[in-house]
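Student: I would like to learn how to read the features of a protein model with some care. Could we go through one together, beginning with the whole chain and ending with single residues?

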Amino acid sequence: MENRTAFDFYSDKLDSELINIDNIAMIVFDINGLKEINDIYGHAEGDCIIKGCANTINTAYGSIGRIFRIGGDEFVFISLDSNSEKLSDASKIFLHEIDKYNLSSPKCKLGVAYGLAHYNPQTDKCMHDIFLKSDAEMYQNKSMQKHQLV
């Protein structure tokens, strides 16, 4: 898994190549409730949740794109081949891996909000535009998950 600097470098590189690439997909992931987990169970348990999330993302998406940890509980996946079948299969694996993690975790459950966006040459002038769409989708997903819990 790569870091924020690698994400920024890769995004800049892709910005200069967008004219030749038309099949980019990006998913932004954010762990739900990490602050509460850290406050209640301690940072060691929070670290376990972060590692669990990183492992689930890597297991599901690692073979079809690049994965970056861009913040404490934020991750980004970028694929230059946004084949919908591959992404759909990876998403099913991702959800299965979360369930598997939660069955084996005695203390805390892993909850992840995520948002997917595809490159649109009419509206996206740079990778940041795709990131903003993915991020907005992730926050919409997070909001839906919160309302389902209530």
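Tutor: What follows goes from the overall fold to helix packing and then to three residues. Please keep in mind throughout that this is a predicted model.

Student: How many helices and strands does the protein chain have, and which pattern does it follow along the sequence?

Tutor: One begins with the list of elements and then with their order. The protein chain has five helices and four strands, and, read from its beginning to its end, they follow the pattern α-β-α-α-β-β-α-β-α.

Student: What does the radius of gyration say about the protein chain?

Tutor: The value is set beside what a rule for globules gives at the given length. Here the radius of gyration is 16 Å, close to the 15 Å that the globule rule gives for 150 residues, so the protein chain is as compact as a globular protein of that length. Along its principal axes, the C-alpha trace spans about 50 × 30 × 30 Å, and 44% of the 150 residues count as buried.

Student: Among contacts between residues at least 6 apart in sequence, what share joins residues at least 24 apart?

Tutor: That share is 70% in this protein chain.

Student: At what angle do helices H3 and H4 pack, and how far apart are their axes?

Tutor: For a pair of helices one reads the angle together with the distance. Helix H3 (residues 43-61) and helix H4 (residues 84-104) pack at about 150°, with axes 8 Å apart; since angles over 145 degrees count as roughly antiparallel, H3 and H4 are therefore roughly antiparallel to each other. The crossing in which H3 passes H4 is right-handed.

Student: Which residues of H3 and H4 meet?

Tutor: From H3 come Cys48, Ile49, Gly52, Thr56, Ile57, Thr59, Ala60 and Tyr61, and these meet Ala90, Ser91, Ile93, Phe94, Glu97, Ile98 and Tyr101 of H4. Sorted by class, this contact of H3 with H4 has ten nonpolar, four polar and one charged residues.

Student: How does helix H2 pack with H3?

Tutor: Helix H2 (residues 34-41) packs with H3 at an angle of about 145°, and their axes are 7 Å apart. In this contact Leu34, Ile37, Asn38 and Tyr41 of H2 meet His43, Glu45, Gly46, Ile49 and Ile50 of H3, which by class gives five nonpolar, three polar and one charged residues.

Student: Turning to single residues, is Ala113 buried or exposed?

Tutor: Here one reads the relative accessibility, where a value under 20% means buried. Ala113, which is found in strand E4 (residues 112-118), counts as buried because its relative accessibility is 0%. Leaving aside neighbours within four places in sequence, its contacts include Val28, Phe29, Met138 and Gln145.

Student: Where is Ile130 placed, and which residues does Ile130 touch?

Tutor: Ile130 is in helix H5 (residues 127-149) and is buried, with a relative accessible area of 0%. Not counting residues up to four places away in sequence, Ile130 touches Ile24, Met26, Ala117, Tyr119 and Asp124. As for Ile24, it is 106 residues from Ile130 in sequence, while their C-alpha atoms are 8.8 Å apart in space.

Student: What does the relative accessibility of Cys48 tell us?

Tutor: Cys48 lies in helix H3 and, at 40% relative accessibility, counts as partly exposed. The C-alpha atoms of Cys48 and Leu87, which are 39 residues apart along the chain, are separated by 26 Å.

Conventions
Residues are numbered from 1 along each chain as its sequence is written. This is a predicted model: local features need pLDDT of at least 70, side-chain atom pairs count only at pLDDT 80 or more; totals for chains, interfaces and linings use all residues. Side-chain values use heavy atoms; hydrogens and water are left out. Axes are lines fitted to C-alpha atoms, for helices over the stretch in contact, and angles run from 0 to 180 degrees between N-to-C directions. Helices (H or I, at least four residues) and strands (E, at least two) are DSSP runs, numbered from the N terminus. Angles under 35 degrees count as roughly parallel, over 145 as roughly antiparallel, 65 to 115 as roughly perpendicular and the rest as oblique. A crossing is left-handed if the near helix is turned anticlockwise from the far one by less than a right angle, and right-handed if clockwise. Contact means heavy atoms within 4.5 Å. Ala, Val, Leu, Ile, Met, Phe, Trp, Tyr, Cys and Pro count as nonpolar, Asp, Glu, Lys and Arg as charged, and the others, Gly among them, as polar. The radius of gyration is taken over C-alpha atoms; the globule rule is 2.2 Å times the number of residues to the power 0.38. Buried means under 20% relative accessible area, exposed over 50%, partly exposed in between (1.4 Å probe, protein chains only).
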